[in-house]
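Me: I'm new to reading protein structures. Could you walk me through this one, a feature at a time?

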Amino acid sequence: MATLPADSPRRRLSARLTRSPRSRLALLLTAPLLWLGLAYLGALAALLVTALWTTNTFTGAIERTWTFDNLSTVLTDPVYRAVTLRTIGVAALVTLIDAVLALPVAFFLAKVASRRWQPLLVAAILLPLWASYLVKAYAWRSIFGGGGLLDWVATSPGYGLPATVCTLAYLWFPYMVLPIFAGLERLPDSLLEASGDLGARPWRTLRTVVFPLAFPAVVAGSIFTFSLSLGDYVAVEIVGGTKQFLGNLVYDNIGAANNQPLAAAVGLVPVVVMVVYLFLARRAGALDNL
Amino acid sequence: MHTRSLVRGTAVVAAALLAAACGTSSSTSGTAAPGASGFTPPKIAQLDKLGTGEGAVSILAWPGYAENGSNDPKVDWVTPYEKQTGCKATVKTFGTSDEAVTLMKTGDYDVVSASGDASLRLIAGGDAAPVNTALVANYADVAPFLKDKAWNSVSGQMYGIPHGWGANLLMYRTDKVNPAPTSWASVFTDASKYAGKVTAYDSPIYIADAALFLMKTKPELGIKNPYALDSKQLQAAVDLLKAQKANVSEYWSDYLKEVQSFKSGNSVIGTTWQVIVNTAVGEKAPVKAILPAEGATGWSDTWMIAAKSKHPNCAYQWMNWIVSPTANAQVAEYFGEAPANVKACEQTTDKSFCDTYHAKDAGYAAEIWYWSTPIPQCLDGRTDVQCTDYSAWTRAWTEIKG
């Protein structure tokens, strides 16, 4: 057997690591913390700083003079307020639709489906995630387009908010089902039986036992659907018609108008909204469910 | 004609005022010759003599300007260039002038096909280098009325090679739009007739289209140049566009998206380029395009070389190639614009092509309102008011789209 000689460097290193828990921790966390600190928080800080700069409107060059103009534009200009409210409204509606659709599906998966079918059905829910985001968005474009599927059945409302809500609700649906499914799986069957034994009808059991216990899971799912909808601009570009969302304003300000500082200021809006949302979600106990 | 001479005059005044605007002096007088004084672009040396090619060139172009056969195997003038020069070309297309300016700032591109609303911004920003026209043999055959213009030169120094020019057209579905339109009114004041089926170009520069319409239909506003709007005139254009928006299906900047929405009938009428018409007709969409009675905005494009080009020799060879009679004729016919090289007119497959596009007609060329960047010093020569600049137009465009 090959044992290490007593004074080999590897042996010494190993002994040192055993003695010093701090070095172990440093080795374990340096890389992820660097990533989090530099790439993640650094990018956020850069965003904040850029929002305080301005651009030369003729040449498009960034001028590094400090100003609150961009932030005050975003806060006071009625256009940005309207777009922010529209984006939050659509994100909330998408979340609501997904929650309403996902609850029965998740309940079926967790409590009704047989053990044999359950993994297959979960895979089926995940299946759309295997296809490209763009393909799915364009599929919805043709559904809502002239001569599309909706036009065969009735008159298509065309591109706009309804199309955007449908597309986003479809795209983020799996992200809502999975947390609720996980939450309901943890709910012991005995609780449902006890409720029945005590004389509660199914609806009352649902209302007083299942819903309160599943609520944190719904909030957990809503973090995904809400934040993903809040930042989306590609689907809006494809099926949104003339409507603008916060993401489109960011994209237009960087790509078309070449005004990075204003884009950064607009980009801070979803960050703030999500911080508030996560704070509320934490109070609902949803973060324990992720 | 009064308006015509006015238009011609404007170009001169515009150049002078632009010069004044960009210069270090605070002078606002408009007496200087085009690009003659005040405007001091960053000092960048032009290429002295051509060396051997670097083996690669990175091209930033309007869709349809640098076709390599990937869109249509029959449409290819990049491959012959590669064979002749040994420069491997990578092509990236852009949808708006703003996008071009932004992309040029990355320093990844050697040459760009810049319109008038991008070229001066590139020069002033130090992103484009002066061009030594002696090294571009085909420059001699470029129509004289395209040389030393306000949008492609500064103080008699050319900053690019003129490529081609044309007008923004009004496209409509022949089966859905009846009677055929003759005026921009179809997409502005009468747009409700096609509610939810109108389309428009997604860029602040589209405000000029509304301003041009107001210039011809509402003389009391006193608009003399669609790129020189005081705040009251801009507001009138914005109001017109806001009213139009209620009838717009979607805005386009991606030309394939416009082709697709005309094909499916989501859009039935709206502003377009000839290349979009050609593509849509090629895909059997029943569309036609006209130059409306009010005239049109348009473009006069210039191939410019990046200040920090990594492949200057290949870039010069590209500029020479793209305005050579054969290639220039191919681009012009494919894109649907007047070629800059007058000898290209003998190379077109349709022998009357240059007459259709008025390629040698300096008078017609002067009647199109070429895209230019709005600046605070009114391009129409007014000194009693401040005009709205491009950032105001950008804000207005965001506001219009809501």
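Me: Let me start with a single residue: is B:V342 buried, exposed or partly exposed, and why?

Reply: Happy to help! Keep in mind that this is a predicted model. To judge burial, we count the other C-beta atoms within 10 Å: 20 or more means buried, and 12 or fewer means exposed. B:V342 has 18 such atoms, so this residue is partly exposed.

Me: Where is B:V342 found, and which residues does B:V342 touch, leaving out those up to four places away in sequence?

Reply: Look in the loop between β14 (338–339) and α11 (353–356) of chain B. Setting aside residues up to four places away in sequence, B:V342 touches B:D141, B:A143 and B:K360. Take B:D141: 201 residues separate it from B:V342 in sequence, yet their C-alpha atoms are 6.1 Å apart in space.

Me: How do I read a sheet? What is the strand order in the one with five strands?

Reply: The general idea first: strands of a sheet pair through backbone hydrogen bonds, either parallel or antiparallel. Here, five strands of chain B form an open sheet in the order β10-β9-β11-β8-β12, with mixed pairing. The edge strands, each pairing on one side only, are β10 and β12 (287–290) of chain B. From one strand to the next, the twist averages 25°.

Me: In which sense do β9 and β10 of chain B pair?

Reply: Strand β9 (residues 198–201) of chain B pairs with β10(B) in the parallel sense, over four bridges. For one example, B:T199 has B:E250 in β10(B) as its bridge partner.

Me: And how should I think about a core? How many residues does the largest nonpolar core have?

Reply: In soluble globular proteins, nonpolar side chains tend to be buried together. The largest nonpolar core in this model has 127 residues, and those with the most contacts inside it include B:V111, B:I207 and B:W318. Helix α5 (residues 207–217) of chain B gives the most to this core, with eight residues. Domain 1 (56–166 + 299–370) and domain 2 (169–295) of chain B each supply at least three residues to this core. A second, separate core has 53 residues, among them A:V94 and A:F181.

Me: Last one: how many residues are in contact between chain B and chain A?

Reply: 29 residues of chain B are in contact with 21 residues of chain A. On the side of chain B that touches chain A, α13(B) gives the most, with six residues. By class, that side of chain B has six nonpolar, 14 polar and nine charged residues.

Methods:
Residues numbered from 1 in each chain as written. Chains lettered and ligands numbered in written order. Predicted model: local features only at pLDDT ≥ 70, side-chain atom pairs only at ≥ 80, totals over all residues. Contact = placed C-beta atoms within 7 Å. Helix = DSSP H or I, 4+ residues; strand = E, 2+ residues; numbered from the N terminus. Nonpolar A, V, L, I, M, F, W, Y, C, P; charged D, E, K, R; others polar. Pairing = 2+ DSSP bridges. Axes fitted to C-alpha atoms, helices over the stretch in contact; angles between N-to-C directions. Core = buried A, V, L, I, M, F, W, Y, C linked by C-beta atoms within 7 Å. Domains from an automatic or database assignment.
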